Structure formats: C-alpha cells, structure tokens
Amino acid sequence: MRGAGGGANLLALRSHNTALVLDLLRTAGTEGISRLELAEGTGLTPQAVSKITARLREEGLAAEAGRRASTGGKPRTVLRLVPEAGHAVGVHLDRDELRAVLADLDGTVVARRHAPLDLGAGAEAVLGRVASVVGELVAEAAGVRSLLGVGVALPGPLDHRRGVLHRVTGFPEWDGFPLRDALSARLGGVPVVVDKDTNAVALGLAVGGEGGSFAYLHLGTGLGAGLVIGGSVHRGPRTGAGEFGHQVVQLDGPPCGCGDRGCVEALCLAAVARGETAEAARVLGTGAANLVGLLDIERVLVGGRTVEGAPEVFVSGVRGVLEARARRTGEECGVVRLVSGEERVAEGAAQLVLAPVFGQDG
C-alpha cells in the first residue's frame, strides 16, 4: 500500500521553513493568517513566505480563508491549513490488544479500530494484522488524499531512531526485530515511525499544550514512563530513557519479567493481581517520587488501563507519596493528574508522524 493519492511529499513538508509556516497556519485555525503575519511570526522574508505558501497551495495543504481589512492599502488575503490534505495512522500494539486511529493534519481522529492481539504470536501474524488495520482505516475514511506515514507505539525497550525492538518484557522473541523497516515494506513503502507507548502519549500531551517538564506514567499490562524535559520528549542518546518500570525498589524482591527482582513494575502488577490497588498506587508513587527527586519535574501524569480502573485511588495514592516526600525535603510537591482515554497511545503514535511536519519533536 502506498500513500493515497499524489498528496504531500513528507520530506518536503519537513523542511524547517515550511514547518514554521505550517505550524502558524495550524495554530491560526479556520480564521486563517495573512502572509505578512506569517513573515512576522516566522522571521522569514515576505518573499520566502510567498514561495512557501504558493507551494503549499499547489499541494492542497493551504487554501484561502477570505480577506481581512488592513491598516492601509488593499485587504489582505488570509490563508488556512487544509487538515484533510494529509493523514497519519497511529497504532498502539499492547501485549493483548491493538488500537489504531486515522488522524488528519490537525490531529483530529476520523476513523478508529480496536481488536484483540497476541504480541507473542510472531512477527508475521502481528505485521499482517497491522497492515490489514491500516488498509481498513484508509478505506473507511473517504477523501484520504495522502497517507504521510504510520506511527507505531508499543512497550519498550526499543531503538527509536532505527525502529528496532529490544527485549520487550515478556516477549524475548522480538529482540532485534526491525519493526520499522519490516512494516514499511509490508505497507508498500509507506514511512513508519516506531516508539515506546509512553513516549507517544508524552508527545501527544506536549503537542496538545502540556508545557514545561513532566513525566507520564503508564500502568497497563506493564509500566513505563514518558519524559518531557523543557517541552521535548527525552529519549536519551540510545533512546532508552523512560524504562521506569524496571527501577529496583526492593532488593531481593519478587522476580520481574525483565530478569531482575523487586522492580516497580513487578511490585505494582503483583499488588493489582492481589486486588490491593492502594498498595499498587503507593508503589507507583514511590517510583514517581524518585523521578521528581532525580529530574526536578513539575508534574506527574498517570494513565493506562489499570490506572483507569481505579483512577481516584491511583491519583490520590501517588499524590500522597509525593506530599510525604515534600514534607521531608521542604520542596514543592509535584502536581499529580490523571490522563484518561483508551486511544491516547494510538493518537500519540499518529503524532510521531504529524508533529515533525510542524517542526515539533516527533
């Protein structure tokens, strides 16, 4: 499968100056923005803006949004982004389910899918299922002019830059698998981006206006963290940052699927399995307090299907641990907030493709 229609060229869209213009067009919304305002907002010359907007109009990415009175001379033509000119698919591969969305340039979801999945069924079965779902989404949404790419988010660890999986906890058979290239080949060359599920949500939150530095803690079938430092997703030099669930907090504790003992993930999931949700929240809060102390982050956001099963317990439990730490240290307690939504990971995965189009971290 190739991108639907002629549409936009992804590499052309990713040029720095074009991204600056597209970002302002998106921010302006349906009211639009004039070329003079684009020049002022980007720092580009009016001539450069005119060339970029002419190309964007040719490609169907920008359109006239009417005219606006100026302080002198003739009324200015204002331009707007055309959200339906490009789309991205975001796929969330969990250990036991697949969720996928088709989003336009604005990030608005126009189609969605949810199906059971066995991540241990083998690469061929999983790739085939993903390819089938991508095809269904594009076919369902009328008027998909260009499929810019597919973002895939799943449990780590993995190499984000190369799109290669490492030893996914509980699924060692995926170790070293080149998911990005294999899926792109299965989709007929459609660009694919691969990242951890937690990073995808963190990116989606940052693109959506969650500023500053924060940690997103995702407790579902596993536990991980997405870190945003100074407005950008922090992945580390080997893209391995955020393996939050595998910090050891109890020496000689229960064994974890990663091969270590006493990990936050193992303790959390064991407490949940025993029906001791408050204890799971306390363990999660202990890990969160370690992060706050280590990174001096402003906010701790929690989500994932296990958290959403008892949101008040988890939010209050994590907050309680952070408040106790703050009383001991005299430091300000980090804000704790719930991030809800079953498709948050899939929507964030779509932003792995969309955000770089607008010059944002992807």
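**Exercise 1. Find the residue with positive phi that follows helix α8, then work out which residues of the helix are buried and what they pack against.**

Step 1. Go to the end of α8: the helix is followed by Gly275, whose phi is positive, near 80°. Keep in mind that you are looking at a predicted model.

Step 2. Now step back into the helix itself, which covers residues 264–273. Its buried residues are Val264, Glu265, Ala266, Leu267, Cys268 and Ala271.

Step 3. Think about the helical repeat. An α-helix has 3.6 residues a turn, so residues three or four places apart point the same way.

Step 4. Look for the partners. The buried residues of α8 pack against the strands β11 and β12 (223–229) and the helix α9 (277–295).

**Exercise 2. Decide whether Gly208 is buried or exposed, and place this residue in the fold.**

Step 1. Locate the residue: Gly208 sits in the loop that runs between α7 and β11.

Step 2. Apply the cut-off. A residue is exposed when its relative accessible area is over 50%. Gly208 has 68% relative accessibility, so this glycine counts as exposed.

Step 3. Add a distance. Lys196 is twelve residues from Gly208 in sequence, and their C-alpha atoms are 18 Å apart in space.

**Exercise 3. Describe the largest nonpolar core and say which element gives the most to it.**

Step 1. Start with the count: this core holds 42 residues. Those with the most contacts inside it are Val21, Leu22, Leu25, Leu56, Leu105 and Leu205.

Step 2. List the contributors. Among the elements that give two or more residues are α2 (16–28), α4 (46–58), β7 (147–154), α7 (197–207) and α12 (344–354).

Step 3. Pick the leading one: α12 gives the most, with six residues.

Step 4. Check for another core. A second, separate one has 35 residues, including Val144, Leu147, Phe177 and Leu187.

Step 5. Set this against a general trend: in soluble globular proteins, nonpolar side chains tend to be buried together.

**Exercise 4. Work out why the chain counts as being as compact as a globular protein of its length.**

Step 1. Take stock of the elements: the chain has twelve helices and 15 strands.

Step 2. Compare the radii. The radius of gyration is 22 Å, close to the 21 Å that the globule rule gives for 362 residues, so the chain is as compact as a globular protein of that length.

Step 3. Round off the picture. Of the 362 residues, 52% count as buried, and the C-alpha atoms fill a box of roughly 75 × 50 × 35 Å along the principal axes.

Notes. Residues numbered from 1 in each chain as written. Predicted model: local features only at pLDDT ≥ 70, side-chain atom pairs only at ≥ 80, totals over all residues. Heavy atoms only, no water. Core = buried A, V, L, I, M, F, W, Y, C linked by side-chain atoms within 4.5 Å. Buried < 20%, exposed > 50% of the residue type's maximum accessible area, 1.4 Å probe, protein only. Helix = DSSP H or I, 4+ residues; strand = E, 2+ residues; numbered from the N terminus. Rg over C-alpha atoms; globule rule 2.2 N^0.38 Å. Contact = heavy atoms within 4.5 Å.
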